[in-house]
Amino acid sequence: MSDVITIPEAPADAGKLRQTIEISTKAPCVKHVVVKVNREDIDGLFNEKVSEIMKDQKNAMPGFRPGKVPRSYLIRKHRNVINDEVRRDILTASLNQLAEDANLAPVAPPQLDPEAVANLPEEGPFVYEFDIEVRPEFEVPEYKGLTLKRPHRDFDDADIQQYIQKLLLDIGGIVPLADDQPVGANCYITFDLAVEDEGKPFSTVKDQTVKVAERINFNDGSIVNFAGKVMGALKGQVVNLEVTLGDAVQPEALQKKTLDAKLTINNIYEPATKELTPEMLEEMEISSSAQLEEKVLGILNRNLEQEQRRSYRTQLMRKVLETTTIELPKDLILRQAQRVYNRLVMDMQSNGATDEEIESRRRELSMDSVQNVRVALTEQFVLQKIAELEKIEIEDADIDAEIDRLAGVYNESPRKVRAQLEQNEQIETLAGELLERRALDIVLNNAQYEDVEYQQQTDSSFVNKSIIPDFMIKQLPAPAATTEAE
């Protein structure tokens, strides 16, 4: 191919393997790599292995004194074992050197063909090749000196009391209204939804409960002006609505499509009144109402900080994409979504979820992964590129400090947190999150800010359910079964 990049052999005295590397573009975000390891280096390592075996006095053989076995006889006797060890050592050293010498920025391990690297050649170089998914190539526009909108709010007593009322609602729950009482602004309703596409039955959603809100969000669509449609309706009444599907649903022909729907109100509820009592405070291990209000203020401010960082990331991505095109192939998105999906399933398994529970959420998890992974990948690639430009590196001490912080948050020992992360293979993920966080900090520390009023999201409700029928969804395959050894 015309874009082949060749990395020549290192000098013989450089302390490295002498290998030639050829890198070509196979597809967007996919590189094809061919590595040729110098025969002299293979023979040198082979001779070192033979010398080690000859020095091992335990390799005495019938008819020979210990340490006096002829070299040629020993090679014939142990050639297969020596070749396997040399092949493994050469491949490990070669891949490590490749990571140092070639700026590939991989997003997944190389797709090595086991058969292709199973044996060393008897003569000539050791040649192996593979495909590897890499970060897309793009230019990051100027990211210092940006003007960002900063969501800001000085929380007052009304905000604190509103949050406390939510806590009391969680404790008190909801109670049903009489059949002759209509849906009101603070009500909850349980409903069935029958969706039609051009007059033909499309799908149904059964027995879902939501708080009455301006907007109802499903996994793959939404209903706007929901409150305006259901307010004043009675139990058993049918309400005509429109459902708009999302812009990332599959199949693509359904994206942003508007469907007709009939909503049947099964039950209407209102929040149960609940008073804050000393007994409740004691259960929450809080000494007084004043201490509760102080804790709530801290929660509100932490939530605001998290919302600010989310907003900054979104604004940064928007500014980058105004001047830069980042091509993310669909195959890459689906493969990454599969990895996210497998991780979610693994987490559910580690938390004791049954096969039935995992299967019941399979469709939801797979759709969420596909829909969200494009945005997540774009953010990840941009922040990694900034980290590379700023020469940010994550050391073991940084990971240790983050584990200590997480241990404090979850009131666990650092040792237990580390063990859980290692068991779930999430140490590398943690390092990636730290890298992205520091890259974002570079942007934020060099930004100008314009304060805007922070609006808490209270005008929508979520239904943990999809609208699109199962048979129409291109689901991700189930994760491969694993054994205890794995």
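I'll cover a sheet with its packing helix, then a pocket. Bear in mind that this is a predicted model.

Start with the sheet. Five strands make it up, and the sheet is open. Read across, the order is E1-E2-E3-E5-E4. Pairing is antiparallel. Now look at the two ends of that order. E1, residues 5-7, sits at one edge, and E4, residues 111-112, is an edge strand as well. Each has a single partner strand, so one side of each has no neighbour in the sheet.

Take the E4 end. E4 pairs with E5, residues 126-133, over 2 bridges, in the antiparallel sense. Want a residue to click on? Go to Gln-111; its bridge partner in E5 is Asp-131.

What packs on this sheet? Helix H2, residues 71-101. H2 touches E1, E2 (19-27), E3 (30-37), E4 and E5. Its direction makes about 50° with that of E5.

Next, the second largest pocket. Its volume is about 620 Å³. How many residues line the second largest pocket? The count is 19. Nearest the centre you'll find Lys-166, Leu-169, Tyr-188, Lys-211 and Pro-271.

Which elements give two or more residues to that lining? Helix H3, residues 157-172, and strand E15, residues 460-462. H3 gives the most, with 6 residues.

And the chemistry of the lining? By class, 8 residues are nonpolar, 7 are polar and 4 are charged.

To recap: an open antiparallel sheet with H2 packed on it, and a pocket to which H3 gives the most lining residues.

Terms used. Residues are numbered from 1 along each chain as its sequence is written. This is a predicted model: local features need pLDDT of at least 70, side-chain atom pairs count only at pLDDT 80 or more; totals for chains, interfaces and linings use all residues. Side-chain values use heavy atoms; hydrogens and water are left out. Two strands pair if DSSP finds at least two bridges between them. Helices (H or I, at least four residues) and strands (E, at least two) are DSSP runs, numbered from the N terminus. Contact means heavy atoms within 4.5 Å. Axes are lines fitted to C-alpha atoms, for helices over the stretch in contact, and angles run from 0 to 180 degrees between N-to-C directions. On a 1 Å grid over the protein atoms alone, a cavity is a set of points where a 1.4 Å probe fits but cannot get out, and a pocket is an open set with protein on both sides within 12 Å along at least five of seven lines; lining residues have an atom within 4 Å of a point. Grid points are joined across faces, edges and corners, and a volume is the space filled by probe spheres set on the points. Ala, Val, Leu, Ile, Met, Phe, Trp, Tyr, Cys and Pro count as nonpolar, Asp, Glu, Lys and Arg as charged, and the others, Gly among them, as polar.
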